[in-house]
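Dear colleague,

I am passing on to you a structure that you have not worked with before, and below it I have set out what was found in it. Please keep in mind while reading that the model is a predicted one.

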Amino acid sequence: SAGTIADRPIASASRMLGGYHVLAADFHVHMFPQTWSTLPPWDTVIEARYQGLDVIALTPHDQVWAGKIGRWFAQRIGGPIVIGGEEITNARYHLLGVGITRAVAGDLPLSVAIDDVHAQGGVAILAHPYERNWPRYDADGLKRLDGAEVVRPEAQNEPRMATELREFFERVRVTAIGDSDYHG
């Protein structure tokens, strides 16, 4: 569209912290075709550039092929870095498998799904771990987690949600992740 042609990406600023180069990343990004998403993989990559992101993980629900398309496209246009993955959805949990190339079955216990993510060389991040979900998580799975979302957009405006995410993080002590759960 004409608006897209006229738009200019936010320049990705060089960020240094403690002598380290820091990248702006979002590890929970959805794209069409799937429920609740509006942008196809290539437009999602372009939007990430417009937002000044250096890295995104494309994590469609229960499949990995759309993320592979986004990664392919990003490599042809010079970025951002795109990591493939999926949001594994189960009645007991939602798990981000970041850096995987094969879909993980959604009917597995949390601990087994995490083992599958790790077997593929991926990272397992628990998505939106709000208090209502805590009783559903198996203790063995929580021990295997690499990270959990601690900062999410809706929690920025809802103190109760922010408190629940912080409390979960204090309980499991894994890497704290801030994600958008972007849907277009």
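I would begin with helix α7, which runs over residues 159-172: at 1.5 Å a residue its 14 residues should span 20 Å, and because its end C-alpha atoms are 20 Å apart, the model agrees with that expectation. The buried residues of this helix are Met161, Ala162, Glu164, Leu165, Phe168, Phe169 and Val172. Seen down the axis of α7, these buried residues fall within an arc of 160°, so they line one face of the helix. On the other side of α7, Pro159 and Glu170 are exposed.

As for what the buried residues of α7 pack against, the partners are β7 (123-126), α5 (139-144), β8 (147-151), α6 (153-156) and β9 (175-178). After the helix comes Arg173, which has a positive phi, near 50°.

Turning to the interior, the largest nonpolar core has 20 residues, and those with the most contacts inside it are Tyr93, Leu95, Leu126, Tyr137 and Phe168. Two or more residues of this core are given by each of α4 (110-119), β7 and α7, and the largest share, four residues, comes from α4.

Leu126 may be a useful residue to look at: leaving aside its neighbours within four places in sequence, Leu126 is in contact with residues including Tyr93, Leu95, Leu110, Tyr137, Leu142 and Phe168. There is also a second, separate core of nine residues, among them Ala48, Ile56, Leu58 and Ala66.

With best wishes

Terms used: Residues are numbered from 1 along each chain as its sequence is written. This is a predicted model: local features need pLDDT of at least 70, side-chain atom pairs count only at pLDDT 80 or more; totals for chains, interfaces and linings use all residues. Side-chain values use heavy atoms; hydrogens and water are left out. The expected span of a helix is 1.5 Å times one less than its number of residues. Buried means under 20% relative accessible area, exposed over 50%, partly exposed in between (1.4 Å probe, protein chains only). The arc is that of the directions from the helix axis to the C-beta atoms. Contact means heavy atoms within 4.5 Å. A nonpolar core is a set of buried Ala, Val, Leu, Ile, Met, Phe, Trp, Tyr and Cys residues joined through side-chain atoms within 4.5 Å.
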